Structure formats: structure tokens, C-alpha cells
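Here's a quick briefing on the structure shown below. It goes topic by topic, so dip in wherever you like.

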Amino acid sequence: MKKDSKIVSAGRDKHFTQGIVNPPIYRASTVVFDSLEHMHQASLKKADGALFYGRRGTPTQFALQQAIAELEGGAGCALFPSGTAAIAGVLLSFLKAGDHLLMVDSVYEPTRDLCDQLLSGYGISTSYYDPMIGDELASLIQTNTKAVFFESPGSITMEVQDIPKLCQIAHQFNCITLLDNTWASPINCRPFTMGIDISIQSITKYVAGHSDVMMGSATANPKYWRQLQQHSYLLGQCVSADDSYLALRGLRTLSVRLQQQANNALKVANWLALRPEVDHLRHPSFSECPGHDFYERDFSGGNGLFSVVLKPAPSVAIKALVDDMQFFKLGFSWGGFESLLLWIQGIDKIRTATHWDSSFPLLRLHIGLEDADDLIADLALGFDRFHQAISSAK
Ligand SMILES: *Cc1c(COP(=O)(O)O)cnc(C)c1O
């Protein structure tokens, strides 16, 4: 089945939907049983979709779990109250005191903070590697290295990793391979055919897609699914039926939103590429983006998120550009229907295995569903303010 058809049908088992198009929102803590025997039977199947207790989910959550597992191509999917909780849940489910984790240097900043500020105290050590490392990864694997974590494209700097090759190396040393697959969403790459054992999504982003839900997921291959399911359950991780409903509702339009946002983003990026203020683009479709060839090989589509690196410019100019935008709002996160702009400072402080020259300002853009021409006009006025700020500072 092609991905657009799968997006419509995934998780719509009659068992969950009762025959209507979307599953009902089952709000539940307690499940009541007809008899001791019924309770016993439910207990035997509590990890396999029987109604047992609210924390284990209801058909609303089950429908979403099945949809994501099916789209990503894994054996099962666990839900978490945020993408960050999914990352923490996976790391805590598979690492223990004495283990070593190899973490990509271009990782989402809160993931780095989790490793450095929390896991370190549990006796789990982390070292960071260059996202473009290639064969050299083998030389960083220690006798206690248990897992290799990928994020591709990386946060902010957008390096695309050679996932199949790096997974092959990791598996030679019996390391589990973990991927923060949020940028690709569940439909634009095939993590399990590339050698990933567990694929993590911030559902908050494109799956929910409307800036109104916080949620995360982790989907595992058959080898690791039961451990992921059991350990995330032990950690008490669960999500509400209401949020699951919103995530499912967002999911159905994921493909058309991504295509439209990717098209808009390409128009804006092509315009930016010709601007004299721009040094280069960090957009996987552009050859100057590290790992562009891996992107062409491994991904079946893009989205609205990319970065633009400007030539060195005074802070007042960047501030004048970023303030007073009409369509681009100043805000964290991405994946909604609206355009966002961030001036990201201090990147050199969140990179330890690679070098970033912070004299080149970086703007991260999330392109929404507005008309691309309006977005370009908004940026053009921003660059006018940028130059005005430079001349009035003289
Ligand atoms: C936003 C984001 C997360 C965290 O997701 P939340 O749902 O906000 O906790 C994790 N990884 C990546 C790549 C992200 O962009």
C-alpha cells in the first residue's frame, strides 16, 4: 500500500472504531469486570490490547499506537506525554548503571541536557560524536557502549546522517540503535529498513500538526518491542484519550500538510539562497547541507523546517529583522500549520564534538501553510529593517 493510502487506513480497525470513521474518545481509569474469571482473562491479555486499566490505554490510544507502528513499520508503539518523555523513556528502558551511550552532537538540546544532567548521575555516561562521522564511529565504541543515538537531520544545524552505515557499525558491536525521527515524521523515511531498532517521534510536531498537543512515541522492531512496552509501562508513561484523538485527527492530513509545507519551504529557501545577506542554507534539499546525498537516498519527502546561516552581521540588524514580522511568529517548537522564526544563539555551546562558528548568525524557519509569496514579502521587509538598523547604527 502506498503511504498516502496507509495514512488514511492505519489504525482504523473496527475493533477500535466500532464501525464509525474515527475511534470514540474513551476516557478511563478504572475498567470494571463481570467476574473474577473475566478479570483473570483480561489480565492475561493486558499487554495485548485487552481493556485492563486506564494507564494501559483504551481503544483510542490503541488506534493511535497501531497507526504509528504501521506507518513507521515497527512491531509496536509506546506513547509518552511529550517527545522529550519518549526520549527519556527509551533511554531509561534500555540503559543501566555502567553503560555508555554514543550520542550525536547535533542532537535536540533537551536530549543533551537529559544525558549530561540526569543520566550521568545514574552512572550512565555519554559521549558525543560528529553526525558526519562515517566509519570512524567504530573507534568510539567502548566495551560498555550499549546504544548509539541518531537524530537526522540534526536539530538546528540539519546534518543528515548515513543511518544505514552507522547502524551496521553499531550492530557489529551489539549496540542498540535509537533514532529521533521527528523531522521525517512517521512517513518520510523507513527507519527499520535502515537498521534502526527504535524510532522516536515528537508527535507534538507534524503528527498532531496544529500546535495544540504535547505527545511522543517510540516504535520498536520485534526484537525490542516487549522490553520497550514493559519498561515504559513501569515508568508510568501514558497519554490521555483526548490527546490521542487529536493526534489521530492530525495524522490523517499529515501527508498533504507536509507536501504543501515542503513546497512552500522550498520556495522560501530558493529565494533566501539568492539574498546577499545569506551565507548558506541548512536545508537537506540543498547540496551545501551536510549529508544532502543521504537525504536524497533515504527520504521520500521534506517538510517546512530548515535553517539559514547569515553572513556575520551586528545583533541590532538580526533583532530588527526578527522583531516585527507579520506572518512569522517568534516561538519554540514546529510542525504546526503556522510559520515560525527563531534566531538561535549560542550554538557553539551545545556542540562538543564539532565546531560551530557563532559569528555567522543562524535563523531557524518553520514554514507553515500561508502563501509562500506572503512569507517571502515578510522576509524581504525584515531584510529592509536589517539594513536600516545597520545604517542608523553608523
Ligand atoms: C520538539 C522535539 C523534541 C521534543 O518534543 P516535545 O514533544 O516538545 O517534548 C524531540 N526531538 C526533536 C527533534 C524535536 O524537534
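Let's start at the surface: with a relative accessible area of 51%, Asp 48 is exposed, because the cut-off for that class is over 50%. Its side chain meets that of Arg 226 in a salt bridge, at 2.5 Å from N to O. Keep in mind that this is a predicted model.

**Salt bridges across the chain**

- The Arg 226 and Asp 48 pair links distant parts of the chain, 178 residues apart: Arg 226 sits in helix H9, while Asp 48 is in the loop between H3 and helix H4 (59–72).
- Arg 226 is partly exposed, at a relative accessible area of 42%.
- How many salt bridges are there? The count comes to eleven.
- Another one pairs Asp 242 with Arg 27, and here the closest N and O atoms are 2.8 Å apart.
- Asp 242 belongs to helix H10 and Arg 27 to the loop between helix H2 (14–17) and helix H3 (36–44), so this pair ties together parts that are 215 residues apart in sequence.
- On exposure, Asp 242 is partly exposed at 26% relative accessible area, whereas Arg 27 counts as exposed at 68%.
- Asp 162 and Arg 297 also form a salt bridge, with 2.7 Å between the closest N and O atoms.
- That pair, too, links distant parts of the chain: Asp 162 is in the loop between S4 and H8, Arg 297 is in helix H12, and 135 residues separate them.
- Asp 162 is buried, with 11% relative accessibility, while Arg 297 is partly exposed at 46%.
- There's a network as well: salt bridges with shared partners join Lys 96, Asp 99 and Lys 146.

**Around Asp 298**

- Next door to Arg 297 in the story is Asp 298: the two side chains make a polar contact at 2.9 Å.
- Asp 298 lies in helix H12, which covers residues 292–298.
- Buried or exposed? Asp 298 counts as buried, because its relative accessibility is 15% and the cut-off is under 20%.
- Setting aside neighbours within four places in sequence, Asp 298 is in contact with Gln 161, Pro 164, Asn 188, Cys 189 and Met 194.

**The five-stranded sheet**

- An open sheet of five strands runs in the order S8-S9-S12-S11-S10, and its pairing is mixed.
- Its edge strands are S8 and strand S10 (329–330), each of which pairs on one side only.
- Strand S8 (residues 278–282) is mostly covered, with four of its five residues buried.
- S8 and strand S9 (residues 305–310) run antiparallel and are joined by four bridges.
- For Arg 282, the bridge partner in S9 is Ser 307.
- Further along the sheet order, strand S11 (residues 340–344) and strand S12 (residues 362–366) pair in the antiparallel sense over five bridges.
- Leu 340 has His 366 as its bridge partner in S12.
- As background, side chains in a regular strand alternate between the two faces of the sheet.

**Backbone oddities in the loops**

- Ser 152 and Pro 153 are joined by a cis peptide bond, with omega at about -5°.
- Pro 153 is placed in the loop between strand S4 (145–151) and helix H8 (163–172).
- Met 158 is also found in the loop between S4 and H8, and its phi is near 65°, a positive value in a residue other than glycine.
- Met 158 counts as buried, because its relative accessibility is 0%.
- Asn 174 is another non-glycine residue with a positive phi, near 55°.
- Asn 174 is in the loop between H8 and strand S5 (176–180), and at 67% relative accessibility it counts as exposed.

**A nonpolar patch**

- Which residues make the nonpolar surface patch of about 340 Å²? Leu 92, Leu 118, Tyr 122 and Leu 235 do.
- Leu 235 is found in the loop between helix H9 (222–234) and helix H10 (241–251).
- Leu 235 is partly exposed, with a relative accessibility of 41%.

How values were computed: Residues are numbered from 1 along each chain as its sequence is written. This is a predicted model: local features need pLDDT of at least 70, side-chain atom pairs count only at pLDDT 80 or more; totals for chains, interfaces and linings use all residues. Side-chain values use heavy atoms; hydrogens and water are left out. Helices (H or I, at least four residues) and strands (E, at least two) are DSSP runs, numbered from the N terminus. Buried means under 20% relative accessible area, exposed over 50%, partly exposed in between (1.4 Å probe, protein chains only). A polar contact is a pair of N or O atoms within 3.5 Å; within protein, one must be able to donate a hydrogen and the other to accept it, and residues adjacent in sequence count only if both atoms are side-chain atoms. Contact means heavy atoms within 4.5 Å. Two strands pair if DSSP finds at least two bridges between them. Patches are made of residues with over 30% relative accessible area and no salt bridge: like charges are joined within 9 Å, nonpolar side chains (Val, Leu, Ile, Met, Phe, Trp, Tyr) within 5 Å. Accessible areas come from the Shrake-Rupley method with a 1.4 Å probe; for residues, only the protein chains shown count as cover. A salt bridge is a side-chain nitrogen of Lys or Arg within 4 Å of a carboxyl oxygen of Asp or Glu.
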